[in-house]
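Please look through the structure shown below before reading the numbered points. They start at one helix, move out to the whole chain, and end with a few single residues.

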Amino acid sequence: TGSSDRRILNVPELTDALHTPATAHGLQVAATDLSTLGMRGQLRAIRSTAALIGVHGAALVWNLFLPTGSPLIELLNMRNANQYYANHCRWTARPYAAWQNTNASAEVSARDANGATLDPFRNDMRVDAAAV
């Protein structure tokens, strides 16, 4: 959630939507900004994760260190059709699902530190929490 692009713009709505089904399975929902943690902290957080849900990006490579059987749900913006992490999950026999935004009004152009618009592959988005 902390990178300058490919951000989820409605994290509270998404975590609220996930709370009831997670609680029914004895799980907690927590939004974690991995960029605020050191490498060991990131590994510790991932190793205690029952299910990883995140926007397509480099941080999802952490799925390789999830506990056995923990699923990955990859969130994709409209321009990103590459379900890259599906391969990781196939190699590790990990459950995988992807959700892709299809609503242009749910996306916002990401910008670099100088305010220049980044390519649409990096758009921020509001996730359809009910669909995930």
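1. Start just past helix α1, at Gly26: this residue follows the helix and has a positive phi, near 75°. Helices and strands here are DSSP runs (helices H or I, at least four residues; strands E, at least two), numbered from the N terminus. The model is a predicted one, in which local features need pLDDT of at least 70 and side-chain atom pairs count only at pLDDT 80 or more, while totals for chains, interfaces and linings use all residues. Residues are numbered from 1 along each chain as its sequence is written, and side-chain values use heavy atoms, with hydrogens and water left out.

2. Now the helix itself. α1 covers residues 11-24, which is 14 residues. From its first C-alpha to its last, α1 reaches 20 Å, close to the 20 Å expected at 1.5 Å a residue; the expected span is 1.5 Å times one less than the number of residues. α1 has a kink of about 35° at Leu18, shortly before the proline Pro21. The bend at a residue is the angle between axes fitted to the seven residues ending there and the seven starting there.

3. Which residues of α1 are buried? They are Val11, Leu14, Leu18 and Ala22. Buried means under 20% relative accessible area, exposed means over 50%, and partly exposed lies in between (1.4 Å probe, protein chains only). An α-helix has 3.6 residues a turn, so residues three or four places apart point the same way. The cover over the buried residues of α1 includes the strands β1 (52-55) and β2 (72-76).

4. Leu18 deserves a second look, since the kink is placed there. Leu18 has a relative accessible area of 18% and is buried. Setting aside residues up to four places away in sequence, Leu18 touches Val29 and Ile53; contact means heavy atoms within 4.5 Å. Val29 is 11 residues from Leu18 in sequence, and the two C-alpha atoms are 6.9 Å apart.

5. On the whole chain: the secondary structure comes to 3 helices and 5 strands. Along the sequence they follow the pattern α-α-β-β-α-β-β-β. The radius of gyration is 15 Å, close to the 14 Å that the globule rule gives for 132 residues, so the chain is as compact as a globular protein of that length. That radius is taken over C-alpha atoms, and the rule is 2.2 Å times the number of residues to the power 0.38. Along the principal axes, the C-alpha atoms fill a box of roughly 40 × 30 × 25 Å.

6. On packing: 33% of the 132 residues count as buried. Among contacts with a separation of 6 or more, 50% are between residues 24 or more positions apart.

7. What makes up the largest nonpolar core? It has 10 residues: Ile8, Val11, Leu14, Leu18, Val55, Leu75, Trp99, Met125, Val127 and Ala129. The largest share of this core, 3 residues, comes from α1. Apart from it lies another core, of 9 residues, among them Leu34, Ile46, Trp62 and Leu66. A nonpolar core is a set of buried Ala, Val, Leu, Ile, Met, Phe, Trp, Tyr and Cys residues joined through side-chain atoms within 4.5 Å. In soluble globular proteins, nonpolar side chains tend to be buried together.

8. Leu14 and Gln42 can be read in terms of their contacts. Leaving out residues up to four places away in sequence, Leu14 touches Ile8, Leu75, Val127, Ala129 and Val132. Gln42 sits in helix α2 (residues 39-47) and counts as buried at 14% relative accessibility. Beyond its neighbours within four places in sequence, Gln42 is in contact with Leu34, Leu37 and Trp62.

9. Two backbone angles should be checked. Most residues other than glycine have a negative phi. Arg6, in the segment before α1, is not a glycine, yet its phi is positive, about 60°. Ala93 is not a glycine either and has a positive phi of about 55°; Ala93 is in the loop between α3 (84-91) and β3 (96-100). Are these residues buried or exposed? Arg6 counts as buried, at 14% relative accessibility, whereas Ala93 is exposed, at 67%.

10. Last, Ala113 lies in the loop between β4 (107-108) and β5 (124-125). Ala113 is exposed, with a relative accessible area of 85%.
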